[in-house]
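User: I should like to learn how the meeting of two chains is read from a model. Could you guide me through one case?

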Number of protein chains: 2
Amino acid sequence: MTTLQDCRALDAQDPLRELRQLFALPEGVIYLDGNSLGVLPRATPQRVAEVVQREWGEGLIRSWNTAGWFELPQRVGDKIAGLIGARPGEVVATDSTSVNLFKVLSAAILIAREDHPARTCVLSERSNFPTDLYIAQALCRQHGLTLRLVEPEEIAGALTPEVAVLMLTHVNYRTGAMHDMAAVTAAAHAAGVLTVWDLAHSAGAVPVDLHGADADFSVGCGYKYLNGGPGAPAFVWVHPRHADRFWQPLAGWWGHAAPFEFTPDYRPAPGIARYLCGTQPIMSLAALDCGLDTLLAAAPLGGMAALRSKSLALADLFIRLVEERCAGHGLGLATPRDPARRGSQACLTREPGAGVDGAGSGAYAIVQTLIARGVIGDFRAGDGGRHKDILRFGFTPLYIGFEDMWHAVEHLRQVLETGEWRQPEFNQQQAVT
Amino acid sequence: MTTLQDCRALDAQDPLRELRQLFALPEGVIYLDGNSLGVLPRATPQRVAEVVQREWGEGLIRSWNTAGWFELPQRVGDKIAGLIGARPGEVVATDSTSVNLFKVLSAAILIAREDHPARTCVLSERSNFPTDLYIAQALCRQHGLTLRLVEPEEIAGALTPEVAVLMLTHVNYRTGAMHDMAAVTAAAHAAGVLTVWDLAHSAGAVPVDLHGADADFSVGCGYKYLNGGPGAPAFVWVHPRHADRFWQPLAGWWGHAAPFEFTPDYRPAPGIARYLCGTQPIMSLAALDCGLDTLLAAAPLGGMAALRSKSLALADLFIRLVEERCAGHGLGLATPRDPARRGSQACLTREPGAGVDGAGSGAYAIVQTLIARGVIGDFRAGDGGRHKDILRFGFTPLYIGFEDMWHAVEHLRQVLETGEWRQPEFNQQQAVT
């Protein structure tokens, strides 16, 4: 049986341990939801205050030039590029993930239409993140295409001659299952299909190599593992072979080849800059910049490879502790055990009917009880079919340690053994993000 | 001749004078560029710090519920609604002006297509703000429509049976000329044409009555007269008769009827909420909220009517002082003198060839020289034809006073009479926003 001392020993050997000091972790909280909203870096409040008071307050409009606001989407984008196997100048931080997905999926559809006019289908995964499916639905309506949704194991067989674009989220938000980006992309390309990868749960969480995988388009999120703060701008990458082929439809001033010439005709900038549209929230971009610096701080300690190694070790420890200490409470594991097939989270399932009076699984109430105890994970509802209710725990090796795993599971054990989660206050389900 | 004492007397009688204290105006600056980026409200730094440190840092993911992040686009939108003649619940603050224009122009085109399938043209003004024209170009390409650009005086005659949508900016960014929204909308409707109004230079600057004018769609900017900070989220309004008719194409999770159900099928929320798309930058939304509070502070002092009255008086004084004190230096006036036909700015022209060694008009160098002296306006280049180079000065009655007009014009007089602007350092034209 694993002991608290074992966990402490792992922390003592952890070369990334010092990075935790870069974050303002609240007292009494074990935060296992960095996959939903990353923790505040200690450097961020001062940087944001500087943007507000000095750059905006004193510099006013002059700061567009003097404070480098205009270059910020590219400067931040270059930091992201280094985390996802893109090259400098290929990524911009801008808009939301949904809006960026609209841009790249539009471009992918236009390119596919030109290269393979008979292809009429966008392929994705049924349990892809809903907003990705919504954007795809809207674009399919617009272009008269079909959106075909399959289970992950059916993707290879679904790459039929009708498919124009394969749109996937690299790490599944519900289960933490991870696609083999290189293999899936190669299979797609062999079938003449373009790939769009959403890195929302990958960037900053697992090593990503877009060029190595020969991916076509990618987007991702700034407020999860990149620690950019609530609603931080997202990012977008397009392989250089595609970047200049089409206008993306959100043809705003910031993506113009000469944005300050104020010419009436749109002329898209070369490269990724044409994926910019309107004016960006500078404070939020600056906060994202600080978030990225916390990941860059890991570079001399081994970078993404070291973070990945710790993240897998954290999850392995968490799963082992749950299995050792919480057995007999109807918990299962939705996340693949194979390290090559999972992201940076562990998702526990509960059987339907295991809730209070047989209503639901009780997973929602268990998560609420843990949150009341300061162990913050989140709940994702099942679909009544293939997908059970999930207790989701994300592991961010920048600021989570091995002892945290012990205490989180100890809380879970107590919640389950005492039946504390059965109290009515934890069972009033409401909107959660 | 107007004197400095006259200006001071106007300040002494100004009922809005006290509102200036709500802003952190830098020392030694006369800021006549609030039409480009509004001044920092004194309340904003603390509010942003609270969002960063308490809501994000301590509340973390819980703040989506406990800090009301999810309702922020509507809550801020309701404050904007009161400034533009919209009703509570009809406006959301979100995304950029360009992205919001894409949404409403898409919806307008879809509606026009259904109601008047033979109409094939979007009509706008040649000197509309470029990003508006870029978005319209992209959508016209997509829908196989034509973008027809005319001069302002040609609009009425251009409302021919081919026109589906009339897209205008209410107050022209270059000249400050303002359309009669009610009259133009009535003419458009009489011709079976839908209207899209960009309020970038109107919201918070002039009284706007969208319902009174029976407008169809509208967007506007958060960082100009609404004082929301650099790149603040923009806003969008849709007349309730249109709101539920179509999906707007940026169909993201935040516009879903049940965003937390995570269902794979998009089902748009009723009303304006469907014009939301992805996750919004919360810090920047909170700062916009503070900016709007500065406008709401004017409500007990007469609200938009009082602000408008002072804004016109400021501009009249500025123009009079320029004509009295800067005569003989080749300055003209691009802004209409008729108060009903102008926004909250005054734009001075210089003749082509009046620059150093006959190169250009010298307008750029004059603006740079004024900025070096702490009088911040901006330069907008001419087009070599109808539009001359412009020195643009915006008047924000919340924080600008009548004595400021005296000093601004006195600096301009000195710059012109000494020829200081001819120095090489002021003539090195570079990108300006």
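Analyst: The following turns treat the interface, the symmetry and an aromatic pair. This is a predicted model, in which local features need pLDDT of at least 70 and side-chain atom pairs count only at pLDDT 80 or more, while totals for chains, interfaces and linings use all residues. Residues are numbered from 1 along each chain as its sequence is written, chains are lettered from A and ligands numbered from 1 in the order in which they are written, and side-chain values use heavy atoms, with hydrogens and water left out.

User: How is the size of an interface expressed, and what is the area buried between chain B and chain A?

Analyst: The size is often given as the accessible area lost when the parts come together. Here about 6700 Å² is buried between chain B and chain A, and carbon and sulfur atoms give 71% of that area. Buried area is the accessible area (1.4 Å probe) that two parts lose on being put together, summed over both. Trp56(B), Tyr134(B) and Phe262(B) supply 12% of what chain B buries against chain A, more than any other three residues.

User: How many salt bridges and polar contacts are counted between the chains?

Analyst: There are 0 salt bridges between chain B and chain A (a side-chain nitrogen of Lys or Arg within 4 Å of a carboxyl oxygen of Asp or Glu). Across this interface, 19 residue pairs are in polar contact, both residues at pLDDT 80 or more. A polar contact is a pair of N or O atoms within 3.5 Å; within protein, one must be able to donate a hydrogen and the other to accept it, and residues adjacent in sequence count only if both atoms are side-chain atoms.

User: What turn lays chain B on chain A?

Analyst: Two copies of a chain are related by a rotation about an axis and a shift along it. Chain B is laid on chain A by a turn of 180° and a shift of 0.0 Å along the axis, with an RMSD of 0.0 Å. That is the relation of a two-fold axis. The superposition is by least squares on the C-alpha atoms of residues with pLDDT of at least 70 in both copies. Ser284(B) comes closest to the rotation axis among the residues of chain B, at 3.2 Å (C-alpha).

User: How is a pair of aromatic rings described?

Analyst: The distance of the centres and the angle of the planes describe the pair. The ring centres of Trp64(A) and Trp254(A) are 5.5 Å apart and the planes stand at 65°, so the pair is edge-to-face. Rings of Phe, Tyr and Trp (its six-membered ring) pair if their centres lie within 6.5 Å; planes under 30 degrees apart count as stacked, over 60 as edge-to-face and the rest as tilted.
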